[in-house]
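The following explanation leads the reader through two sheets and the helices that pack on them. Please have the sequence and the 3D structure at hand.

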Amino acid sequence: MLRNNIVMLIVLLCYSPLSLSNEIDYNSGNTYQGQEITAENILQLTPEPPHELEAKVQSYLKQKPILANIISGADYYNKIMFFDKAPFTLDFQPGTPDRPIVDLYFKTMESYIRQAGLPTKPGQNFVIPLGDHIIKASGFFNRRENINAYLRQTDPTQSYGKTILPAQLEKFNKEVGKTYQTISRVAYWLRLKELKETLNLDRICLPDKYLVHIPGRPLQVDDTNYVVAETALHDAVPFDQTDLVEDPEVIQQLTQAIGYAHLWDINSRNILVSGDKACIVDTEQPNVGVPTKFFLKDLKGKKDEHRGGWDELETNIIRPYAKSHPDIDLSKVRAVKHLMQESIKQA
């Protein structure tokens with residue numbers, strides 16, 4: 001304990017970048033440049049995609065209309081032909097009357113996905129390589145949990161992963177009717193972009209992200225109408241496979257990023273390294289996000305909440321790295337992380 005306190009004191013005295021900037025409000029929660037991020041204004045807050053990129057993504061989707069329809073997920077709300085249930089209301093439990101329909105529906109979906117040359121399994125998120133970019137979109141099950149999250153607010157009998165009844169889907173469609181699981185990737189990215197630019201975080205990289213409209217769909221911003229186009233990092237490697245984990249400055253800036261953008265699911269699949277920078281590539285919200293609270297409206301008036309990513313940085317990256325590199329002393333890294341967390345909590 002005494003040794004740890006000495007290390008922390010040395011870091012405080014010698015590691016000047018730990019001071020917080022008055023230009024950043026770590027308790028602002030859900031804003032970008034002072035404006036609350038909403039579904040109604042996110043297109044205005046987000047940079048427009050380069051014309052060439054937008055044309056490339058839309059051309060890809062036009063050439064694969066069935067795949068584009070699956071990615072949109074608009075049909076998940078509508079009754080399946082010759083069956084009196086929508087996909088979102090199917091009972092996925094083994095041995096139920098719905099099970100043959102579930103198997104047929106998802107096998108058909110899988111065949112179309114394979115025809116498009118994609119390894120994605122039905123129901124999972126879409127991550128589609130497209131040259132120097134990637135198309136991303138949320139999958140069936142994550143969107144279904146968005147709906148369940150909304151229903152759980154008023155129905156305490158609901159639980160995570162529970163079957164949605166037709167009457168409940170009807171209620172959701174009447175009161176909300178849309179989700180923002182795909183769209184959330186850009187909302188978190190905006191928070192990170194603001195932090196990086198304001199504080200000049202030069203050891204963090206953020207692949208560009210754009211919202212691109214799905215051809216033939218309405219212009220309203222929700223998961224059924226847009227995909228995210230993101231710059232691909234072809235040379236990147238998992239964070240814990242590099243010595244950047246030993247770099248206090250990188251850990252400090254990651255801690256700031258997690259604290260400002262309320263990042264979660266911090267691991268070496270989502271934090272990659274390109275050059276001497278840690279690249280944050282996955283900025284999707286938890287699938288328990290309530291659509292009517294997009295974006296992070298539940299943080300208003302609350303301090304130091306939704307920062308579990310700090311624990312994940314330790315548990316999923318620093319600790320495994322320490323275990324595989326027993327001769328490396330990470331006490332300074334951990335001290336910097338701890339002190340930055342405490343500074344943000346007290347801001």
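Two strands are said to pair if DSSP finds at least two bridges between them. Helices (H or I, at least four residues) and strands (E, at least two) are DSSP runs, numbered from the N terminus. The model is predicted, so local features need pLDDT of at least 70 and side-chain atom pairs count only at pLDDT 80 or more, while totals for chains, interfaces and linings use all residues. Residues are numbered from 1 along each chain as its sequence is written, and side-chain values use heavy atoms, with hydrogens and water left out.

One open sheet has four strands in the order β3-β4-β7-β6, with antiparallel pairing. Because β3 (126–130) and β6 (209–213) stand at the edges with a single partner strand each, one side of each is left without a neighbour in the sheet. From one strand to the next, the twist averages 30°; axes are lines fitted to C-alpha atoms, for helices over the stretch in contact, and angles run from 0 to 180 degrees between N-to-C directions. Strand β4 (residues 133–137) runs antiparallel to β3 and is joined to it by five bridges. Pro 129 has Ile 134 in β4 as its bridge partner. Helix α8 (residues 184–199) packs on this sheet and touches β4, β6 and β7 (226–231), where contact means heavy atoms within 4.5 Å. The direction of α8 makes about 150° with that of β6.

Another open sheet of four strands follows the order β5-β10-β9-β8, with mixed pairing. Its edges are β5 (204–205) and β8 (237–238); each has a single partner strand, so one side of each lacks a neighbour in the sheet. Two bridges pair β8 with β9 (residues 271–274) in the antiparallel sense, and Leu 272 in β9 is the bridge partner of Pro 238. Helix α9 (residues 248–261) packs on this sheet, touching β5, β9 and β10 (277–280), and its direction makes about 20° with that of β10.
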